[in-house]
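Hi there,

Here is the structure I promised to pass on to you. Have a look around first, and then read on for what turned up in it.

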Amino acid sequence: MSDPRIAAFFARANPWQAELASLRAILTDTPLSEDFKWRSPVYTFLDGNVATLWGFKDRCVLSFFKGVLLPDPEGILIAPGAHSRSVRMIQLVSTNDIAAREAILRGYIHAAIEVEKSGQRVEMDDTLDLPDELIRKLDEDETFRAAFDGLTPGRQRGWVLHFSQPKHAATRTSRIEKAAPRILDGKGMHDR
């Protein structure tokens, strides 16, 4: 039985509603299962996350969790952000665009399923280049260090990227101090 949140996702008003429905029709015509995670439909194979859909202001996307492992003969896979290590996505702008590229999209989906079948994993370099201000805080406050070390690698990475962005040391220090209560609560930057 389908999760009612999936039906609600596709029923809600969205400028990309028709395009997302077109992508869904393609995805559900594959061996993938349709689940609901992270406020969005997620397409899985053997319980592994394979793809998801998103609508943005100027486009909708078909996103692949292990996209970095996919062959890209069309040169259409892009990283969603500068710090994306695994996910790659295909941007689409209309139902006509989706229809014209349906065979290509199916090829990428099939390749993503094959990656999941093979058990391939994205090798992540979890080495973090900590800013001096964070090193100082970790050295001075053992409770903070224990809390930071207890975060998942992804949460640590998110905080380090956030702390490292400002050019000025005072701003980096301020960000660390503002984030300390959330880190002590075991939360990442985007946790509620």
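**The pocket and its lining**

In the largest pocket, α7 provides the largest share of the lining, six residues. Before going further, please keep in mind that this is a predicted model.

The largest pocket has a volume of about 1,400 Å³. Its lining is made up of 32 residues, and those nearest the centre are Trp38, Phe65, Val87, Gly154 and His190. If you want to find the walls by element, look at β3 (48–55), β4 (60–64) and α7 (153–164), each of which gives at least two residues to the lining of the largest pocket. What kinds of residues make up the lining of the largest pocket, by class? There are nine nonpolar, 14 polar and nine charged residues.

**A cavity as well**

Rolling a probe the size of a water molecule over the atoms shows where empty space is left. The count of cavities of 30 Å³ or more comes to one, and about 40 Å³ of space lies in the largest cavity. Its lining consists of Asn49, Val50, Phe65, Lys66, Gly67, Ala112, Val115 and Glu116. You have met Phe65 already, as one of the residues nearest the centre of the largest pocket.

Which element gives the most to the lining of the largest cavity? That is α4, with three residues. Both β3 and α4 (102–118) supply at least two residues of this lining. By class, the lining of the largest cavity has four nonpolar, two polar and two charged residues.

**Strands and a helix**

Next, find β4 and β5, which pair in the antiparallel sense over five bridges. To see one contact in this pairing, go to Ser63, whose bridge partner in β5 is Met89. Strand β5 (residues 88–92) is mostly covered, with four of its five residues buried.

Helix α2 (residues 17–27) is a nice one to turn around on screen. Its residues Glu19, Leu20, Leu23, Ile26 and Leu27 are buried. Why do they sit on the same side of α2? They do so because they cover an arc of only 115° around the axis.

**Salt bridges**

Side chains of opposite charge can pair when their charged atoms come close. How many salt bridges does the structure hold? The total is 13. Here are some to look up:

- Asp58 and Arg59 meet through their side chains at 2.8 Å, N to O. Arg59 has a relative accessible area of 18%, and the limit for buried is under 20%, so Arg59 counts as buried.
- Arg101 and Asp97 form a salt bridge at 2.9 Å, N to O. Asp97 is buried too, at 15% relative accessibility.
- Lys137 and Glu177 are joined by a salt bridge at 3.5 Å, N to O. Lys137 belongs to helix α5 (residues 132–140) and Glu177 to helix α8 (residues 169–184), so this pair ties together parts that are 40 residues apart in sequence.

Are the two partners in that last pair buried or exposed, or partly exposed? Lys137 is buried, with a relative accessible area of 13%, whereas Glu177 is partly exposed, with a relative accessible area of 43%.

There is also a network of salt bridges to trace, which links Asp29, Glu102 and Arg106.

Enjoy exploring, and write back with any questions.

Best wishes

Definitions and conventions. Residues numbered from 1 in each chain as written. Predicted model: local features only at pLDDT ≥ 70, side-chain atom pairs only at ≥ 80, totals over all residues. Heavy atoms only, no water. 1 Å grid on protein atoms, 1.4 Å probe; cavity = no way out; pocket = protein on both sides within 12 Å on 5 of 7 lines; lining within 4 Å. Points joined across faces, edges and corners; volume = space filled by probe spheres on them. Nonpolar A, V, L, I, M, F, W, Y, C, P; charged D, E, K, R; others polar. Buried < 20%, exposed > 50% of the residue type's maximum accessible area, 1.4 Å probe, protein only. Arc of directions from axis to C-beta. Salt bridge = Lys/Arg side-chain N within 4 Å of Asp/Glu carboxyl O. Pairing = 2+ DSSP bridges.
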